[in-house]
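Hi everyone, thanks for making time for this. I'd like to walk you through one structure today, so let's bring it up on the screen.

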Amino acid sequence: VSQSRYNCIGWAAGDMERFWWPVVHPDAYWPPGLPRTETVDSFIRAFNTLGYTVCDDGALEIGCEKVVLYVDQEGKPTHMARQLDNGNWTSKLGPQFDIMHTCPHAVEGPVYGAVSIFLHRSKYP
């Protein structure tokens, strides 16, 4: 799989085949029927289709998978990360780099913005 095929949203969703973003573009995927708007609500709704719901924080919960959404100063989504089984987090930075970080706040800054919301789902359907 080419690392440039997917982005941080696809990486957080566990989809290494598609570039997730709510824009109309032949190379962009967004769950069918959802508004293609760059809002926190739109991203929540997209991850709801995968079984995720909003939760309080990024604390490790046994039996749950978590993701975090980052926003810029205007509240527009910029980035997502996924929690690993050991409590660390993983992000895709740009077209090539999949990294691990110890906490969701480690990638906050002018490029990726700040933590906005956490979502979780059960690992056991």
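Let me begin with contacts along the chain. If we take contacts between residues at least 6 apart in sequence, 48% of them join residues at least 24 apart. Please keep in mind that this is a predicted model.

Now for the overall layout. The protein chain has 2 helices and 8 strands, and reading along the sequence gives the pattern α-β-β-α-β-β-β-β-β-β. Its radius of gyration is 13 Å, close to the 14 Å that the globule rule gives for 125 residues, so the chain is as compact as a globular protein of that length. For a feel of the dimensions, the C-alpha atoms fill a box of roughly 35 × 35 × 30 Å along the principal axes. The chain exposes about 6,700 Å², and carbon and sulfur atoms supply 56% of that area. Of the 125 residues, 44% are buried.

Let's turn to the sheet. In what order do its 6 strands come? The order is S3-S8-S4-S5-S6-S7, in an open sheet with antiparallel pairing. At the edges sit S3 and S7, the latter covering 97-101, and each of these pairs on one side only. From one strand to the next, the twist averages 35°. Helix H2, residues 40-48, packs on this sheet and touches S3, S4, S5 and S8; the direction of H2 makes about 20° with that of S8.

We can look at a few of the pairings in detail. S8 spans residues 114-122, and 3 bridges join it to S3, residues 53-55. There, Thr53 stands opposite His120. S8 also pairs with S4, residues 64-71, over 8 bridges, and Cys64 has Ser122 of S8 as its bridge partner. Further along, S5 (residues 77-83) and S6 (residues 89-93) are antiparallel with 3 bridges between them, and here Ala81 partners Ser91.

On to the interior. As a general point, nonpolar side chains in soluble globular proteins tend to be buried together. In our model, the largest nonpolar core has 18 residues, and those touching the most other members are Ile9, Phe43, Phe47, Val67, Met80 and Leu119. Helix H1 (8-13), H2, S4 and S8 each supply at least two residues of this core. Apart from it lies another core of 8 residues, including Cys55, Val68, Ala81 and Phe118.

Which residues of H2 are buried? They are Ser42, Phe43, Ile44, Ala46 and Phe47. Their cover includes H1, strand S1 (19-20), S3, S4, S5 and S8. If you'd like one residue to follow on the screen, try Phe43: setting aside neighbours within four places in sequence, Phe43 is in contact with Ile9, Trp21, Pro22, Trp30, Glu38, Leu69, Pro77 and Met80.

I'll finish with a glycine. Gly113 lies in the loop between S7 and S8. Is Gly113 buried or exposed? With a relative accessible area of 13%, Gly113 falls under the 20% cut-off, so Gly113 is buried. Beyond its neighbours within four places in sequence, Gly113 is in contact with Tyr70, Val71, Asp72, Thr78 and Glu108. Gly94 is 19 residues away along the chain, and the C-alpha atoms of Gly94 and Gly113 are separated by 14 Å.

That's my tour, and I'm happy to turn the model around for anyone who wants another look.

Note on methods: Residues numbered from 1 in each chain as written. Predicted model: local features only at pLDDT ≥ 70, side-chain atom pairs only at ≥ 80, totals over all residues. Heavy atoms only, no water. Pairing = 2+ DSSP bridges. Helix = DSSP H or I, 4+ residues; strand = E, 2+ residues; numbered from the N terminus. Axes fitted to C-alpha atoms, helices over the stretch in contact; angles between N-to-C directions. Contact = heavy atoms within 4.5 Å. Core = buried A, V, L, I, M, F, W, Y, C linked by side-chain atoms within 4.5 Å. Buried < 20%, exposed > 50% of the residue type's maximum accessible area, 1.4 Å probe, protein only. Rg over C-alpha atoms; globule rule 2.2 N^0.38 Å. Areas by Shrake-Rupley, 256 points an atom, 1.4 Å probe, with all protein chains shown as cover.
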